[in-house]
Amino acid sequence: QVQLVESGGGLVQAGGSLRLSCVASGTGGSINSMAWYRRAPGKQREMVAVVGSGGNSNYADSVKGRFTISRDNAKNTVYLQMNSLKPEDTAVYYCYVVTTTSNNVHYYWGQGTQVAVSS
């Protein structure tokens, strides 16, 4: 059973930066894509950024140019560097990992970490 442990959330003023980390443990297969999602109060969960096993990445339009996703395959860790934060970035951020074993694809969510941006 894969466990995802997130860290790095907190309270920051607008224009500030935070770096989220998510460590995946117990992976019995290969980790494919790793991503960050977020859910703001009263809104649906949305994809923020995703990075594939080869390092290719994709971002939501709202964070392009401000957020950077990266991964360290040796550490089974995905990061989200968030710069120029805005109040509208306030949300619970979730790590999402897709792994594959010989015959199956598995999907895992972290428990979430709160990010609050004050104006």
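## A chat about salt bridges, a buried glutamate and a sheet

Tutor: In this predicted model, aspartate 89 and arginine 66 meet through their side chains in a salt bridge, at 2.7 Å from N to O.

Student: Where do those two sit in the chain?

Tutor: Aspartate 89 is in the loop between β8 and β9, while arginine 66 is in the loop between β6 (57-59) and β7, so that the pair links distant parts of the chain, 23 residues apart.

Student: And is aspartate 89 buried or exposed?

Tutor: Aspartate 89 counts as buried, because its relative accessibility is 0%, and arginine 66 also counts as buried, at 10%. Salt bridges with shared partners join Arg38, Glu46, Arg66 and Asp89 into one network.

Student: What does arginine 38 do with aspartate 89?

Tutor: Arginine 38 forms a salt bridge with aspartate 89, with the closest N and O atoms 3.0 Å apart. Because arginine 38 lies in strand β4 and aspartate 89 in the loop between β8 and β9 (91-100), this pair ties together parts that are 51 residues apart in sequence.

Student: How many salt bridges turn up in the whole structure?

Tutor: The search finds four. One of them joins lysine 64 to aspartate 61, where the closest N and O atoms are 3.1 Å apart; lysine 64 is partly exposed at 49% relative accessibility, and aspartate 61 is exposed at 64%.

Student: Switching to glutamate 6, which side chain of opposite charge is nearest?

Tutor: That is arginine 45, 8.8 Å away, and glutamate 6 has no salt bridge although it is buried.

Student: Then which backbone nitrogen does the side chain of glutamate 6 reach?

Tutor: The side chain of glutamate 6 reaches the backbone nitrogen of glycine 112 at 2.5 Å, and a polar atom of that side chain also lies 3.2 Å from the backbone nitrogen of glutamine 111. Leaving aside residues up to four places away in sequence, glutamate 6 touches several others, including Trp36, Tyr93 and Cys95.

Student: Glutamate 6 lies in which strand?

Tutor: Glutamate 6 lies in β1, which belongs to an open, antiparallel sheet of four strands in the order β1-β3-β8-β7. The edge strands, each pairing on one side only, are β1 (3-7) and β7 (67-72), and the twist from one strand to the next averages 15 degrees.

Student: How many bridges are there between β3 and β8?

Tutor: Strand β3 (residues 18-25) and strand β8 (residues 77-82) pair over six bridges in the antiparallel sense, and valine 23 stands opposite threonine 77 in β8.

How values were computed. Residues are numbered from 1 along each chain as its sequence is written. This is a predicted model: local features need pLDDT of at least 70, side-chain atom pairs count only at pLDDT 80 or more; totals for chains, interfaces and linings use all residues. Side-chain values use heavy atoms; hydrogens and water are left out. Two strands pair if DSSP finds at least two bridges between them. Axes are lines fitted to C-alpha atoms, for helices over the stretch in contact, and angles run from 0 to 180 degrees between N-to-C directions. Buried means under 20% relative accessible area, exposed over 50%, partly exposed in between (1.4 Å probe, protein chains only). Lys and Arg count as positive and Asp and Glu as negative; His and the chain ends are not counted. A polar contact is a pair of N or O atoms within 3.5 Å; within protein, one must be able to donate a hydrogen and the other to accept it, and residues adjacent in sequence count only if both atoms are side-chain atoms. Contact means heavy atoms within 4.5 Å.
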